[in-house]
Amino acid sequence: HASNWLRETQGLIPGIVYGRDDARGITGASSDSRLISTPFNQFQRERDLYCIYFKCRVYNLTTYTDKLEDGTGGEIVDVQRVVPVELQMHPIVNKVYSCNFLRYYPGKPIPIPIVEINQEESLTMKRGGFIAPINRTIRCVVEEGVAIPEGLELDCTGLMNGDVVRADRLIFPEGVKVAEDVDVRTFLHGSVYGRRSDPKENKEVGGVEGAKEE
């Protein structure tokens, strides 16, 4: 099998590049799909670096002609911006089996990781509380010419035990906005959980905050 041969003897991960690219006039028809193979070591390095957020990143995927035995070939054919999708793992060994890539262009919705900041400004989180995430990413649109952020900051200032964390705490840089298919009124990042405060701590923080901590 060709895919097994690529993995086992060449150290390559098979996959397909597909999808629209409005910036380049690619319609996304089946004839626009391309079979590719990615070096395993480069692939694994990115997965180790970004873990669950690997599929939230946009990559410049460079394709080359096959390198022949006489040393010829290996010329650059194309460079495309893509997002990793449809990652398939080996059922027994924790190794990538295959991965497809979806073409990306500015204005196309992409999931961006949510990064919590200012935990020290939350009494509950200072005491060991945390946000139990429901959504770790949010789909956004990034304008042309704007750098895709590594993550969107979520301000934890003032969060208390039992609070529900919504999209209004997200900080959007200029040129980045929520995708149209995301309802910001119902979007949930998660809920705040923390240990119960003792009576001494309640006196220190005052009646209103103490009541919320209960």
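Modeller: Let's start with one definition: a residue is called buried under 20% relative accessible area, exposed over 50%, and partly exposed in between. Keep in mind that this is a predicted model.

Biologist: Thanks! Is D78 buried, partly exposed or exposed?

Modeller: The relative accessible area of D78 is 21%, and since partly exposed covers the range between 20% and 50%, D78 is partly exposed. This residue lies in strand β4.

Biologist: Which residues does D78 touch, leaving aside those up to four places away in sequence?

Modeller: D78 touches R24, L61, T62 and T63. Two of these contacts are worth following, T63 and R24.

Biologist: Let's take T63. How should I read strand pairing?

Modeller: In general, strands of a sheet pair through backbone hydrogen bonds, and they may be parallel or antiparallel. Here β3 and β4 are antiparallel partners with six bridges, and T63 stands opposite D78 of β4. As for T65, its C-alpha atom is 9.6 Å from that of D78, the two residues being 13 apart along the chain.

Biologist: And what about R24: what joins the side chains of D78 and R24?

Modeller: The general idea is that side chains of opposite charge can pair when their charged atoms come close. In this model, D78 and R24 meet in a salt bridge, at 2.8 Å from N to O. D78 sits in strand β4 while R24 sits in the loop between β1 and β2, so this pair ties together parts that are 54 residues apart in sequence. R24 counts as partly exposed, because its relative accessibility is 40%.

Biologist: How many salt bridges are found in the whole structure?

Modeller: Six. One of them links D181 and R139, whose closest N and O atoms are 3.1 Å apart. D181 is in the loop between β12 and β13 (188–193) and R139 is in strand β8 (residues 137–142), so parts 42 residues apart in sequence are tied together. D181 is exposed at 52%, and R139 is partly exposed at 34%. D183 and R185 form a salt bridge too, at 3.0 Å from N to O.

Biologist: Back to β4. In what order do the strands of its sheet lie?

Modeller: The order is β2-β1-β5-β4-β3, an open sheet of five strands with mixed pairing. β2 (34–39) and β3 (59–64) are the edges; each has a single partner strand, so one side of each lacks a neighbour in the sheet. From one strand to the next, the twist averages 45 degrees.

Biologist: How is β4 joined to β5?

Modeller: A hairpin of six residues makes the connection. The two strands run antiparallel, with seven bridges between them, and M89 has V96 of β5 as its bridge partner. Further along, β1 (residues 12–18) and β2 are antiparallel over six bridges, with G15 opposite I36 of β2. Helix α1 (residues 2–10) lies across β1, β2 and β5 (96–103), at about 135 degrees to β1.

Biologist: One more on β4: is I76 buried or exposed?

Modeller: I76 counts as exposed, because its relative accessibility is 57%. I76 belongs to strand β4 (residues 76–89). Together with Y64 and V79, I76 forms a nonpolar surface patch with about 310 Å² of accessible area.

Conventions:
Residues numbered from 1 in each chain as written. Predicted model: local features only at pLDDT ≥ 70, side-chain atom pairs only at ≥ 80, totals over all residues. Heavy atoms only, no water. Patch = residues over 30% accessible without salt bridge, like charges linked within 9 Å, V, L, I, M, F, W, Y side chains within 5 Å. Areas by Shrake-Rupley, 256 points an atom, 1.4 Å probe, with all protein chains shown as cover. Salt bridge = Lys/Arg side-chain N within 4 Å of Asp/Glu carboxyl O. Helix = DSSP H or I, 4+ residues; strand = E, 2+ residues; numbered from the N terminus. Buried < 20%, exposed > 50% of the residue type's maximum accessible area, 1.4 Å probe, protein only. Pairing = 2+ DSSP bridges. Axes fitted to C-alpha atoms, helices over the stretch in contact; angles between N-to-C directions. Contact = heavy atoms within 4.5 Å.
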